[in-house]
Amino acid sequence: MDDFDRKILRVLQKEGAISQRELSDRVGLSQNACWRRMQIMRDKGIIIGERVQLSREALGLGLTIFLLIRTRQHSESWLEKFRRIMLDIPNVIDFHRLAGDYDYQVKLAVPDIKEFDRIYRGLIARIDLGTVTSCISMEDYCDEREYPI
């Protein structure tokens with residue numbers, strides 16, 4: 001990657017729906033050169049998609065909750081079942097397997113605490129978990145921050 005590629009990526013992270021003409025003007029390349037570079041970065045797996053960032057609050061999903069989960073199970077079959085269950089919950093917007101004190105971290109976007117409780121009760125009814133700690137986000141300082149390029 002050179003400076004032009006990094007410029008393209010910095011602009012796209014902030015404005016994914018920018019026109020090809022505007023992008024090429026902003027980075028100082030012709031439209032064809034800019035398009036070719038983007039295609040190469042797609043082929044290399046650097047650019048993996050395009051999406052629109054939505055306002056959770058405007059969609060009625062203003063409560064963010066993080067679950068920190070410890071499990072007594074560590075088999076591949078348990079992990080696959082757990083992964084499927086988590087991905088079946090539409091409110092799960094981020095999900096990580098961790099090293100350290102906890103095994104998993106899950107980020108949920110819900111309208112209110114009642115919906116969180118419904119999801120939580122459904123989760124523990126479907127799979128055996130060790131410890132589940134819930135952390136309610138009070139304020140979002142930096143969500144979907146751009147990668148440092």
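**Tyr147 and its patch**

Select Tyr147, which lies in the segment after β4 (131-136). The model on display is a predicted one. Tyr147 counts as exposed because its relative accessibility is 66%. Next, add Met1, Ile46 and Ile149 to the selection: together with Tyr147 they make a nonpolar surface patch of about 440 Å².

**The whole chain**

Now release the selection and display the protein chain as a cartoon. The chain contains 5 helices and 4 strands. Followed from the N terminus, these elements run in the order α-α-α-β-α-β-β-α-β.

Rotate the model to view its overall dimensions. Along the principal axes, the C-alpha atoms fill a box of roughly 55 × 35 × 25 Å. The radius of gyration is 20 Å, whereas a compact globule of 149 residues would have one near 15 Å.

Switch to a surface display. The protein chain exposes about 10,300 Å², and carbon and sulfur atoms supply 49% of that area. Of the 149 residues, 30% count as buried. As for contacts between residues at least 6 apart in sequence, 65% of them join residues at least 24 apart.

**Residues 1-62**

Select residues 1-62. An unreviewed UniProt entry annotates this span as "domain: HTH asnC-type". In the model, the span is 53% helix and 0% strand, and its end C-alpha atoms lie 38 Å apart.

Within this span, move to helix α2 (residues 20-27) and show the side chains of Glu22 and Arg26. These two side chains meet in a salt bridge, with an N to O distance of 3.6 Å. The partners are separated by about one helical turn, because they are 4 residues apart in the helix. How accessible is each partner, as a relative value? Glu22 is partly exposed, with a relative accessible area of 35%, and Arg26 also counts as partly exposed, at 40%.

**From Arg56 to Asp140**

Select Arg56 and Asp140 next. Their side chains meet in a salt bridge of 3.6 Å, N to O. Arg56 lies in the loop between α3 (31-43) and β1, and Asp140 in the segment after β4, so this pair ties together parts that are 84 residues apart in sequence. Arg56 is buried, with a relative accessible area of 17%, whereas Asp140 counts as partly exposed at 44%.

**Thr71 and its surroundings**

Proceed to Thr71, in the loop between β1 (63-70) and α4 (76-88). Is Thr71 buried or exposed? Its relative accessibility is 9%, and Thr71 therefore counts as buried.

To see what surrounds Thr71, display Trp78, Asp103, Tyr104, Asp128 and Gly130. These are the residues in contact with Thr71 once its neighbours within four places in sequence are left aside.

**Helix α5**

Select helix α5 (residues 113-126), where Lys114 is found. Lys114 counts as exposed because its relative accessibility is 71%. For a sense of scale, add Phe82 to the view: the C-alpha atoms of Lys114 and Phe82 are separated by 23 Å, and the two residues are 32 apart along the chain.

Remain on helix α5 and show Asp117 and Arg121. Asp117 forms a salt bridge with Arg121, the closest N and O atoms being 2.8 Å apart. The two residues are 4 apart in helix α5 and are therefore separated by about one helical turn. Asp117 counts as partly exposed at 31% relative accessibility, while Arg121 is exposed, with a relative accessible area of 55%.

Another arrangement of charged residues can be displayed by selecting Asp2, Asp5 and Arg37. Salt bridges that share partners join these residues into one network.

**Last view**

Finally, display the salt bridges across the whole model. How many salt bridges does the structure hold? The total is 13, including the pairs Glu22 and Arg26, Arg56 and Asp140, and Asp117 and Arg121.

Notes. Residues numbered from 1 in each chain as written. Predicted model: local features only at pLDDT ≥ 70, side-chain atom pairs only at ≥ 80, totals over all residues. Heavy atoms only, no water. Patch = residues over 30% accessible without salt bridge, like charges linked within 9 Å, V, L, I, M, F, W, Y side chains within 5 Å. Areas by Shrake-Rupley, 256 points an atom, 1.4 Å probe, with all protein chains shown as cover. Salt bridge = Lys/Arg side-chain N within 4 Å of Asp/Glu carboxyl O. Buried < 20%, exposed > 50% of the residue type's maximum accessible area, 1.4 Å probe, protein only. Rg over C-alpha atoms; globule rule 2.2 N^0.38 Å. Contact = heavy atoms within 4.5 Å. UniProt positions renumbered as here; feature names shortened; annotations may be inferred.
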